[in-house]
Amino acid sequence: MKNFYFFIFFLSGTNLWAQKDSIQSITVKYNYAVRGNAAKNVTFKAAYDLFIFPDFGVSVYDNEENIDPKVESPVSNSAVIEWKPKGKNLSTLYKNYAGNEMFLKNHINLRFFVQKDSLTIFDWDIKQESKTILGYNCQAATTTFRGRNYKAWFTTALPVSGPWKFDNLPGAILEVKALDDYVSWEAIGIIVNKQKPDYPKPENPFLSEKALSWTEFKSLYKEKAIAASKYTTKDGEKLNIVTARMGVERYIEQDDEDYQADKMMKKIMNGNK
């Protein structure tokens with residue numbers, strides 16, 4: 001019944017956006033941090049912006065340095081105002097709510113591939129806990145997603161949306177943290193624009209490239225990991241290239257026996273004990 005409820009909710013998500021007709025666009029600024037396995041020191045930290053366009057049923061999530069700053073003030077009379085990602089869209093995630101789809105680039109041993117996912121991949125358990133974030137009343141929800149347990153805080157005062165892949169709660173997700181402290185997203189600023197937009201719908205930059213489903217991406221990831229572990233130079237020297245089974249998401253299951261390079265390396269590091 002819980003899954004059925006969220007399916008019905010998602011189908012009505014665009015309508016819920018439309019009901020908030022006083023809001024034309026929202027910018028949510030997030031701090032993103034990856035702390036690594038030690039869960040003590042931040043090993044990577046960046047600022048990301050999530051642009052939500054209710055009129056278009058679209059949101060765009062990207063590193064704030066890669067986005068044309070004109071999109072932050074989409075109220076000018078200029079017809080040129082549109083989302084223009086820079087570089088190769090390596091940090092961009094594009095969500096199309098009407099099509100129940102999201103697109104992003106993900107890498108396998110530093111080779112990038114376009115990945116396509118559904119917006120309804122989360123099985124949330126909504127809690128009774130509440131707290132205030134940036135002046136918005138938020139409610140807690142928990143989920144297990146591709147190898148990690150998470151706790152999120154969302155507000156129904158803003159349209160359905162969320163940082164990175166996180167989505168499909170009854171409102172905007174303003175905070176997500178892995179319970180093992182590996183990774184987190186925290187909203188640090190919210191800009192609500194109530195003026196009618198005069199800019200075109202942000203285009204999906206990934207439509208011209210072949211997109212892999214999550215299953216296809218995982219399969220290719222394992223294939224490349226196994227190939228890399230068997231790599232030899234032209235002089236015949238074997239290199240022990242170890243590809244991680246898991247980053248923010250798990251790509252190779254822990255009990256997978258086809259890929260053994262990481263376990264072999266661990267034995268070598270432990271003196272073959």
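Trp-185 is buried, because its relative accessible area is 1% and the limit for a buried residue is under 20%. The structure described here is a predicted model. This briefing covers the surroundings of Trp-185, the largest pocket, and two residues with a positive phi, Asn-109 and Asp-181.

**Trp-185 and its surroundings**

- Trp-185 belongs to strand β11, which spans residues 183-193.
- Leaving aside residues up to four places away in sequence, Trp-185 touches Tyr-30, Asn-31, Tyr-32, Tyr-61, Tyr-150, Pro-163, Trp-164, Phe-166, Leu-174, Glu-175, Val-176 and Val-248.
- The side chain of Trp-185 also forms a polar contact of 3.1 Å with the side chain of Tyr-61.
- Phe-166, one of the residues that Trp-185 touches, stands 19 residues from Trp-185 along the chain, and the C-alpha atoms of the two are 9.9 Å apart.

**The largest pocket**

- The largest pocket holds about 640 Å³ of space.
- Its lining consists of 26 residues, and those nearest the centre of the pocket are Tyr-32, Asn-106, His-107, Val-248 and Tyr-251.
- Two elements, β1 (25-34) and β5 (101-108), give two or more residues each to this lining.
- Strand β5 supplies the largest share of the lining, with five residues.
- Sorted by class, the lining of the largest pocket comprises 17 nonpolar, seven polar and two charged residues.
- Both domain 1 (23-212) and domain 2 (214-273) take part in the lining, each with at least three residues.
- Tyr-32 and Val-248, among the residues nearest the centre of the largest pocket, are also among the residues that Trp-185 touches.

**Residues with a positive phi**

- Asn-109 is not a glycine, yet its phi is positive, at about 50 degrees.
- Asn-109 is located in the loop between β5 and β6, the latter covering residues 111-117.
- With a relative accessible area of 37%, Asn-109 falls between the limits of 20% and 50% and therefore counts as partly exposed.
- Asp-181, likewise not a glycine, has a positive phi of about 65 degrees.
- The loop between β10 (172-178) and β11 contains Asp-181, and β11 is the strand in which Trp-185 is found.
- Asp-181 is classed as partly exposed because its relative accessibility is 39%, a value between the same limits of 20% and 50%.

Notes
Residues numbered from 1 in each chain as written. Predicted model: local features only at pLDDT ≥ 70, side-chain atom pairs only at ≥ 80, totals over all residues. Heavy atoms only, no water. Helix = DSSP H or I, 4+ residues; strand = E, 2+ residues; numbered from the N terminus. Buried < 20%, exposed > 50% of the residue type's maximum accessible area, 1.4 Å probe, protein only. Contact = heavy atoms within 4.5 Å. Polar contact = N/O pair within 3.5 Å; in protein donor to acceptor, adjacent residues only side chain to side chain. 1 Å grid on protein atoms, 1.4 Å probe; cavity = no way out; pocket = protein on both sides within 12 Å on 5 of 7 lines; lining within 4 Å. Points joined across faces, edges and corners; volume = space filled by probe spheres on them. Nonpolar A, V, L, I, M, F, W, Y, C, P; charged D, E, K, R; others polar. Domains from an automatic or database assignment.
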